[in-house]
Amino acid sequence: MSSSETSHPVVFSTSTQHIILSSKYLIPASWARYQLSQLINKSLQLSQPVPFDFLIRGQILRGSIAEWCAGNGVKEEETLEIEYFESLMPPKLLSAFAGEDWVGEVNCQVKGYIMTASYDSIVRVYDHSQTLLTTISGHSGPVSTSCWIPGSNLESPQGIVSGSHDGTALITPIKELESISTQEELLAAASLRLHTSPLSSVAASTSGTHILTAGWDGLLGVFTTQIPDEDEVFDDQEPVPKKKRRKVEQREAQAKRKAPVHALRSHTGKVTQGIFDKSGKNAYSCSLDSTLRTWDIEIGACKSTITANTRPMTSLVLLSDENTLLSSSTDRVVSIYDLREQTLSGPPPVLPHPAFPSTLCAHPTSIHKVASGAYDGIVRLWDLRSTKTPVNAFEVGKKQGKPGRKIMSIDWTHGLLVAGGEMGVEIWKLSEGADIARS
């Protein structure tokens, strides 16, 4: 550093495993992310460099320290507290394939497999080579949602639950995924009956004992995953279109009609999503009535309500620490709620979007990272410590010649982000600094 170059005192902190000596550093004000990352790596003496990002007073550093100080009115002699964390590297498209129709939901929670719920009324399970392994086609309307029912371990789910515009959810048991014959069709064992309108979401508890359904009729249903020996409710469904009637009747013949343990009634508008917490004792729901509600699953009652005036909500996600809940809404923002606060002291922080954010998913382990998919065909990756702009963003549909198509679902785990919607399905690899160091 030349004698004429301006320097700035800084103190570093981190919540990662990469901790350097706590001390005050005097560094050139011209330094930006790259030089700061080099300094951290040199201090750690890592055999394989790890790229880092840097956070100053709630803002991710995009330019030099001098530029940040000038833009925020910080004087040269003020000591900056800088938090560093592992960078999320630019996403890499691994594969893409067109669906038979719009893909309403994607799920990659079982390692090595991708499940899709499609508007052609079929649930499909693929391996990562895009080989179609199995299908479920017992619904008479578009399938908008599906999820795995956890088994004894994460790699061996006991079944699949799917929800449809026909107002039903189906439980389909599965055997070992490795033993399923290619394109084998599975048959549903139970049909969950409560709703009189299309289903918007289904969720399974981590224990695999309960299912939560959410519908446009303003209801949520709590069901057990146990398959009944006999029908528990009468068949009062609307007639199925003739061209599908015979096929659907044959498939439903062995699917027992199952009644809910609880019907959760409190919302005054369409319920757009319902999810369990990790314990399975509580659930959260959002609705077009501009409310978020917390439910006691054991007694089937609403415990608390968060009201966001004139902010109809369309999806939600609970972060891994279970203290933070995010909800997207029709006014093109994602709101961030701290569940530890009993009442809202003011408007919640938001993640702004130029288009309607239709779907959310959380980082598998981080309490700071979340992804959103929007109707402009762009997936945005956010760090909640800096909410003004996304850390990264990428457009889906380009490879298939369908840019700008609506994203309807995303899922993020095992280093992969899968997106589904009008463009079909795309699989992206997301690497973080720690992943690079291990490779």
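This report looks at aromatic ring pairs, and at charges over rings, in a predicted model.

## Ring pairs overall

Let's start with the tally: counting rings of Phe, Tyr and Trp whose centres lie within 6.5 Å, the model has 9 aromatic pairs. Two of them, both involving Tyr84, get a closer look here.

## Tyr84 and its partners

Take Phe12 and Tyr84. Their ring centres sit 6.2 Å apart with 70° between the planes, which makes the pair edge-to-face. Phe12 belongs to strand S1 (residues 7–13) and Tyr84 to strand S5 (residues 80–86), so this contact ties together parts that are 72 residues apart in sequence. As for solvent, Phe12 and Tyr84 are both buried.

Tyr84 also pairs with Phe52. Here the centres are 5.4 Å apart and the planes stand at 85°, so this pair is edge-to-face. Phe52 lies in strand S3 (residues 52–56) and Tyr84 in strand S5, so the pair ties together parts that are 32 residues apart in sequence. Phe52 is buried, just as Tyr84 is.

## The wider cluster

Phe12, Phe52 and Tyr84 don't stand alone: ring pairs join them with Tyr25 and Phe54 into a cluster.

## Charges over rings

Rings in this model also have charged neighbours. Over at Trp216, the charged end of Lys270 sits over the ring, 4.1 Å from its centre.

Phe85 has an arginine for company: Arg385 lies over the face of Phe85, at 4.1 Å from the ring centre.

Conventions:
Residues are numbered from 1 along each chain as its sequence is written. This is a predicted model: local features need pLDDT of at least 70, side-chain atom pairs count only at pLDDT 80 or more; totals for chains, interfaces and linings use all residues. Side-chain values use heavy atoms; hydrogens and water are left out. Rings of Phe, Tyr and Trp (its six-membered ring) pair if their centres lie within 6.5 Å; planes under 30 degrees apart count as stacked, over 60 as edge-to-face and the rest as tilted. Helices (H or I, at least four residues) and strands (E, at least two) are DSSP runs, numbered from the N terminus. Buried means under 20% relative accessible area, exposed over 50%, partly exposed in between (1.4 Å probe, protein chains only). A charge sits over a ring if NZ of Lys or CZ of Arg is within 6 Å of the ring centre and within 35 degrees of the ring normal.
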